[in-house]
Amino acid sequence: MPRATRRILITAGPTHEPIDAVRYLGNRSSGETGLAVAAEAARRAWAVRILLGPTPRAPTDSRIAVHRFRTTDDLGQLLHRHFHEADVLVMAAAVSDFRPSVSAEQLGRKIRRTDAGLTLDLERTPDLLAACAERRRPGQFLVGFALDEQDGL
């Protein structure tokens, strides 16, 4: 395949899953891994698109197209829109495995502190890499990163 036609889609950064209007369930991902892959791919003259979560970091190379997301669902919508264009997908984002089961009422307001405390019910988020794998066309290459416990490696 000619060098100019290589297209890579990269996910990077955390997801923030809302608990109420001001709080979220998140993680400490900086997006550095995905940003480093994007920078190297751009250096090698690939067409690079990065889907970047809520992190203050951003690509420094103007050739990298950036699309921002906040939640797992936001990222899923961007993947649905752009995955078919990519020759390679690198899933380096730290996508939450769970999100709060939140009502629209909770999302529209801040939950006030009470003596009773707060219990969060969590639900699974969709497996975005598996969804892409089901839609993969012949010749598309998928790479997924996962954080595991040291003793599980």
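This section describes the largest pocket, the setting of helix 2 and the salt bridges of a predicted model.

The largest pocket has a volume of about 920 Å³, and of the 29 residues that line this pocket, A93, A94, V95, D97 and F145 are the closest to its centre. When the lining is sorted by class, 13 residues are nonpolar, eleven are polar and five are charged. Helix 1, which spans residues 32-43, and helix 4, which spans residues 128-135, each contribute at least two residues to the lining of the largest pocket.

Helix 2 comprises residues 72-82, and its buried residues are T72, L75, L78, L79 and H82. Because these residues cover an arc of only 120° around the axis, they lie on the same side of helix 2. The elements that cover the buried residues of helix 2 include strand 1 (7-12), strand 2 (17-18), strand 4 (47-52), strand 5 (65-68), strand 6 (88-91) and helix 4. On the other side of helix 2, Q77 and H80 are exposed; for H80, the relative accessible area is 55%, so this residue falls in the exposed class, for which the cut-off is over 50%. The C-alpha atom of H80 is separated by 8.1 Å from that of C132, although the two residues are 52 residues apart along the chain.

Ten salt bridges are present in the structure. In one of them, D20 is paired with R23, and the closest N and O atoms are 2.5 Å apart. The two partners are set in unlike surroundings, since D20 counts as buried at 3% relative accessibility, whereas R23 is partly exposed with a relative accessible area of 34%. A further salt bridge joins R43 to E40, with the closest N and O atoms 2.6 Å apart; both residues belong to helix 1, where they are three residues apart, or about one turn of the helix. Within this pair, R43 counts as exposed at 55% relative accessibility, while E40 is partly exposed at 29%.

The salt bridge between the side chains of E85 and R49 has an N to O distance of 3.5 Å, and this pair links distant parts of the chain, with E85 in the loop between helix 2 and strand 6, R49 in strand 4, and their positions 36 residues apart in the numbering. Both partners count as partly exposed, E85 at 27% relative accessibility and R49 at 23%. In addition, R7, D87 and R137 are joined into one network by salt bridges that share partners.

How values were computed. Residues are numbered from 1 along each chain as its sequence is written. This is a predicted model: local features need pLDDT of at least 70, side-chain atom pairs count only at pLDDT 80 or more; totals for chains, interfaces and linings use all residues. Side-chain values use heavy atoms; hydrogens and water are left out. On a 1 Å grid over the protein atoms alone, a cavity is a set of points where a 1.4 Å probe fits but cannot get out, and a pocket is an open set with protein on both sides within 12 Å along at least five of seven lines; lining residues have an atom within 4 Å of a point. Grid points are joined across faces, edges and corners, and a volume is the space filled by probe spheres set on the points. Helices (H or I, at least four residues) and strands (E, at least two) are DSSP runs, numbered from the N terminus. Ala, Val, Leu, Ile, Met, Phe, Trp, Tyr, Cys and Pro count as nonpolar, Asp, Glu, Lys and Arg as charged, and the others, Gly among them, as polar. Buried means under 20% relative accessible area, exposed over 50%, partly exposed in between (1.4 Å probe, protein chains only). The arc is that of the directions from the helix axis to the C-beta atoms. Contact means heavy atoms within 4.5 Å. A salt bridge is a side-chain nitrogen of Lys or Arg within 4 Å of a carboxyl oxygen of Asp or Glu.
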